[in-house]
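Here is a two-chain complex to walk through together, from one residue out to the whole assembly. Have the sequence and the 3D view open as you read.

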Amino acid sequence: MKKFILAFVAAYIFLFLWGWLLNGVLLKDVYAETPNLWRSQSEMMSLFHWIIIGQALIVFAFVMIYASGFVGGGVMAGIRLGVLLEIAAIGMRMGFYAVQPFPGKLIVYGSVSGLIEMIILGAIVGAIYKPASARKP
Amino acid sequence: MNLKKFFTAFIAAFIFLFVFGFLWYGTLMRGAHEEVPALFRTKPDYPWLNLGHIVMAFFFTILCVRVIPAGGLGAGVTVGILVGLVYAGPHLLSFAVQPLTTKILCGWIVGAVIQFAIAGGLIGAIYKPGRG
């Protein structure tokens, strides 16, 4: 349980910082090209708690899946889980692109960064969440 | 890995994900989506929609087979619910940054969990490597 919580907290901190760096800084100009698709800055800030809850949900469910079938595999198993989940998510992103008028480059940037994000997230979880026997020398 | 069972499970998952998506998001939620027309295309881009579902179903099937190599309906549903929650998270993020309605947010989250729970159950029920 302790390792679960530790993995959750570490992965959450990474996801939060990555999300801020990517969406709040690096892709800011790309988002600015389609202002009609986004809330105003003040509206986003008033709904910021949903970002925190959403990211917590992603990390919680990720660690739960890791604990269900990947535990003991270490960093590589975490990365494998991250890659599988993200490639399936890229499929979902294609679906959103099919119905929402997002610019294509936003989907490409989102997918590439999503893959990097989930690889690092998986590595963090895999490195921290180990069964008791695997931690013994 | 039993390839025949795997591909049967993948095809079943793809058909289910596509049909459920059409019924839930395209039909039941159509009215909710029409409340914010600026956020949606007038007509879906079907090649991307089809490709997206194929990719999603294929990698979700691989994930299920990895997590529950022995298969099983209950285990598949459990994995599906967890995966549905992983994908429900981004819907909450979208709600915070896009002018989506609460109705759309709830519909998308409930839809994702139900969709992946049933798809996971289907995969778990079909992919039982030791039984032929």
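## A starting point: Thr102(B)

In which helix of chain B is the place of Thr102(B)? The answer is α5 of chain B. Please keep in mind throughout that this is a predicted model.

Is Thr102(B) buried or exposed? Thr102(B) counts as exposed, because it has 9 C-beta neighbours inside 10 Å and a residue with 12 or fewer falls in that class. A second marker to pick out on the same chain is Pro44(B): 58 residues separate Thr102(B) from Pro44(B) in sequence, and their C-alpha atoms are 22 Å apart in space.

## The two chains

Both chains are built from helices. Chain A has seven helices and zero strands, so to speak a plain run of α-α-α-α-α-α-α along the sequence. Its C-alpha atoms fill a box of roughly 55 × 30 × 20 Å along the principal axes. Of the 137 residues in chain A, 33% are buried.

Chain B has five helices and zero strands, in the order α-α-α-α-α from the N terminus. Its C-alpha trace spans about 50 × 25 × 20 Å along the principal axes, and 46% of its 132 residues count as buried.

How much of the contact pattern comes from residues that lie well apart in sequence? In chain A, residues 24 or more positions apart account for 86% of the contacts with a separation of 6 or more. In chain B, 86% of the contacts between residues at least 6 apart in sequence join residues at least 24 apart.

## Helices worth a look

Start with α4(A). At 1.5 Å a residue, its 22 residues should span 32 Å, and its end C-alpha atoms are indeed 32 Å apart, so the expected and modelled spans agree. The buried residues of α4(A) include Ile51(A), Leu57(A), Ile58(A), Phe62(A), Ile65(A) and Tyr66(A), and also Gly54(A), Gln55(A) and Gly69(A). What covers them comes from both chains: α1, α5 and α6 of chain A are among the covering elements, together with α3 and α4 of chain B.

Next comes α5(A), with 26 residues that should span 38 Å at 1.5 Å a residue; the end C-alpha atoms are 38 Å apart, which agrees. This helix is mostly covered, with 19 of its 26 residues buried.

On the other chain, α1(B) has 26 residues and reaches 35 Å from its first C-alpha to its last, close to the 38 Å expected. Look for a bend of about 25° at Gly21(B). Gly21(B) is also one of the buried residues of α1(B), alongside Ala9(B), Phe10(B), Ala13(B), Phe14(B), Leu17(B) and Tyr25(B). The cover over these residues includes α3 and α5 of chain B.

## The shared nonpolar core

Which residues touch the most other members of the largest nonpolar core? They are Ala11(A), Phe62(A), Ala88(A), Ala13(B), Phe60(B) and Leu63(B), in a core of 74 residues. Two or more residues each come from α1 (2-26), α4 (48-69), α5 (74-99) and α6 (104-128) of chain A, and from α1 (3-28), α3 (46-67), α4 (73-97) and α5 (102-126) of chain B. The largest share, 13 residues, is given by α4(B).

Phe62(A) is a good residue to centre the view on. Beyond its neighbours within four places in sequence, Phe62(A) is in contact with Ala11(A), Leu121(A) and Val125(A), and with Val86(B) from the other chain. As a general point, nonpolar side chains tend to be buried together in soluble globular proteins.

## Where the chains meet

The contact takes 35 residues from chain A and 37 residues from chain B. On the side of chain A that touches chain B, the elements giving two or more residues are α4 and α5 of chain A, and α4(A) gives the most, with 14 residues. The residues on this side of chain A divide into 26 nonpolar, eight polar and one charged.

## Confidence

The predictor gives the complex an ipTM of 0.89 and a pTM of 0.91. For chain B, the mean pLDDT is 94, and 98% of the residues reach 70 or more.

Technical notes: Residues are numbered from 1 along each chain as its sequence is written. Chains are lettered from A and ligands numbered from 1 in the order in which they are written. This is a predicted model: local features need pLDDT of at least 70, side-chain atom pairs count only at pLDDT 80 or more; totals for chains, interfaces and linings use all residues. A nonpolar core is a set of buried Ala, Val, Leu, Ile, Met, Phe, Trp, Tyr and Cys residues joined through C-beta atoms within 7 Å. A residue is buried if 20 or more other C-beta atoms lie within 10 Å of its own, exposed if 12 or fewer, and partly exposed in between; C-beta atoms are placed from the backbone. Helices (H or I, at least four residues) and strands (E, at least two) are DSSP runs, numbered from the N terminus. Two residues are in contact if their C-beta atoms, placed from the backbone, lie within 7 Å. Ala, Val, Leu, Ile, Met, Phe, Trp, Tyr, Cys and Pro count as nonpolar, Asp, Glu, Lys and Arg as charged, and the others, Gly among them, as polar. The expected span of a helix is 1.5 Å times one less than its number of residues. The bend at a residue is the angle between axes fitted to the seven residues ending there and the seven starting there. pLDDT is the predictor's confidence in each residue, from 0 to 100.
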